[in-house]
Amino acid sequence: MQPGALPIDARLLSRYDINGPRYTSYPTALQFRDDFGASDYARAAAQSKRTGKPVSLYLHVPFCDTVCFYCACTKIVTNNRAHADAYVKRLHAEIARQASLLGAGRSLAQMHWGGGTPTFLSLEQIASLIDAIGRQFVMSRDDSAEYAIEIDPRSAGPASIRALRALGFNRLSIGVQDFDPRVQEAIHRVQPRGLVETTLDAARSCGFKSVNFDLIYGLPHQTPESFSNTLDAVIEMAPERLSVFSYAHLPQQFKMQRCLPDTLPDGPQKTALLQTIVARLTAAGYVYIGMDHFARPDDELALAQAAGTLHRNFQGYSTRADCDLIGVGMSAIGRIGDSYAQNAKTLKTYYDAIDAGGLAITRGVRLSEDDHIRRDVISRLMCHMALDFSTIEQAHDIDFVAYFANELGELADLVADGLVALDAHGLRVLPPGRLLVRVVAQVFDAYRRSAANARCAKVM
């Protein structure tokens, strides 16, 4: 499908604007259980260790200098850099313990540092952690692996960007959100275009393979006209990837969102914003990958989707093999073998657990056979917008039509509305349904009617 052929039907978007997960995992974190602990994780780690396969690592840094009012991340807002010393000390211990369980010497195929603000740490602290990771795992020095870090251009200048590249990072993600000064004031993130351009120039001059911009639509004061100006600037700067998120207003869960002015775009206004985004970016040559992601046609994401090798994990879409993910740091989530595990969500609980000589896992879930089947189905839909029944049947030794008889019946409305095409051999998400792929995936979610799923944000 050509990028420009992505139709937007406001009526359908409104009809299917339901609460639903983003499916960076299945089961989602909403289904994690408190009775999953260290012994469960050790069993999964032993299973993974025997494979010796490459692994992925996610490192969470929860600290931020200032608060952005829209943010729903697990974070700690502070100017006290002493917090970083204590945190890095625990990360060193956790990395060593994880390697001991999973097997030191395994190749590190992918690494992502997120937050919070990873560049809250000093370059010396970041270097010490890279050294620790490199002692436990085999890190690529030829850019064949993907090592990404999220940065705040207000605190990471060109010298920092060059230092991060020298440490082995080859992908950069920059939080932009919007270039409109009025919007920036309202969300408490003032960040002039020139600052982002300087950061981008530094990244390109020192050899970063790819730069991603994060944008958000649905923020106070945004209009299609104002956001079009932001898109003008973004298109001119031409980052390799774009993540354009719909703002989820959940003030009952995230109290800082209550600081936003009462000027949020309503449903029709958000749809108009989305129409502007899709039209402008696809006209500029970006490929719509899925969910909120766009990429230039020569970027690895677009090439992987075209080749059928795209994957999805807690950081979104990935070009790397579907390998075990080690999560380190407060609140970090990992996926090892047939289990997901999450670390303690408060700093004190995280510190206490690490100081006690173990890991900080407080919740998780071991996948059932049904979970494995449904995860495969949902992942294929999210990544490839299509599903071949025989592939699932061969992988899991099931009769797809018999196993999913109820779900296939529930697709009738989506078929009638032209969102999906369904026949005896498979399912295909049609162009009008691509923006609603989460709704299609949710049909196959066994937990979709649980009370926990009601806490999800709206799809659009």
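Which residue in E20 is the bridge partner of Val 420? Hi everyone, let me start with that one: in E20, Val 420 has Val 429 as its bridge partner. Helices (H or I, at least four residues) and strands (E, at least two) are DSSP runs here, numbered from the N terminus. Two strands count as paired if DSSP finds at least two bridges between them.

A quick word on the model itself. It is predicted, so to speak of local features we need pLDDT of at least 70, and side-chain atom pairs count only at pLDDT 80 or more, while totals for chains, interfaces and linings use all residues. Residues are numbered from 1 along each chain as its sequence is written, and side-chain values use heavy atoms, with hydrogens and water left out.

Back to our opening pair. E19 and strand E20 (residues 426-429) run antiparallel and are joined by three bridges. They belong to an open sheet of three strands, ordered E18-E20-E19, with antiparallel pairing. Strand E18 (386-388) and strand E19 (420-422) stand at the edges with a single partner strand each, so one side of each has no neighbour in the sheet. From one strand to the next, the twist averages 15°. For the angles, axes are lines fitted to C-alpha atoms, for helices over the stretch in contact, and angles run from 0 to 180 degrees between N-to-C directions.

Now the helices around that sheet. Helix H12 (residues 369-384) lies across E18 and E20, and runs at about 135° to E18. Helix H13 (residues 389-396) packs on the sheet too, touching E18, E19 and E20, and its direction makes about 55° with that of E18. Contact means heavy atoms within 4.5 Å.

Let's step to Leu 419, in the loop between helix H16 (412-416) and E19. Is Leu 419 buried or exposed? Leu 419 is buried, with a relative accessible area of 0%. The cut-offs: buried is under 20% relative accessible area, exposed is over 50%, and partly exposed is in between (1.4 Å probe, protein chains only). The C-alpha atoms of Leu 419 and Val 429 are separated by 6.2 Å, and these residues are ten apart along the chain. Leaving out residues up to four places away in sequence, Leu 419 touches a list of residues including Leu 12, Tyr 16, Arg 428 and Leu 436.

Next, two enclosed strands. All eight of the eight residues of strand E8 (residues 210-217) are buried, so E8 is largely enclosed by the rest of the structure. On one face sit Ser 210, Asn 212, Asp 214 and Ile 216, and on the other Val 211, Phe 213, Leu 215 and Tyr 217. Strand E7 (residues 171-177) pairs with E8 in the parallel sense over six bridges, and Leu 172 stands opposite Val 211. E8 is also joined to strand E9 (residues 241-246) by six bridges, again parallel, with Tyr 217 partnered by Ser 246.

Strand E14 (residues 324-328) tells a similar story: five of its five residues are buried, so E14 is largely enclosed by the rest of the structure. Asp 324, Ile 326 and Val 328 cover one side, Leu 325 and Gly 327 the other. Strand E1 (residues 55-61) runs parallel to E14, with five bridges, and Ser 56 has Leu 325 as its bridge partner.

And now for the empty space. On a 1 Å grid over the protein atoms alone, a cavity is a set of points where a 1.4 Å probe fits but cannot get out, and a pocket is an open set with protein on both sides within 12 Å along at least five of seven lines; lining residues have an atom within 4 Å of a point. The second largest pocket holds about 530 Å³ of space, where a volume is the space filled by probe spheres set on the points, and points are joined across faces, edges and corners. Of its 30 lining residues, His 311, Arg 312, Asp 322, Arg 335 and Ser 379 lie nearest the centre. Which element gives the largest share of that lining? Our earlier helix H12 does, with eight residues.

There are two cavities of 30 Å³ or more, and the second largest has a volume of about 40 Å³. Gly 327 of E14 is one of its lining residues, and so are Tyr 41 and Gln 98. E16 supplies the largest share of that lining, three residues. Thanks for listening!
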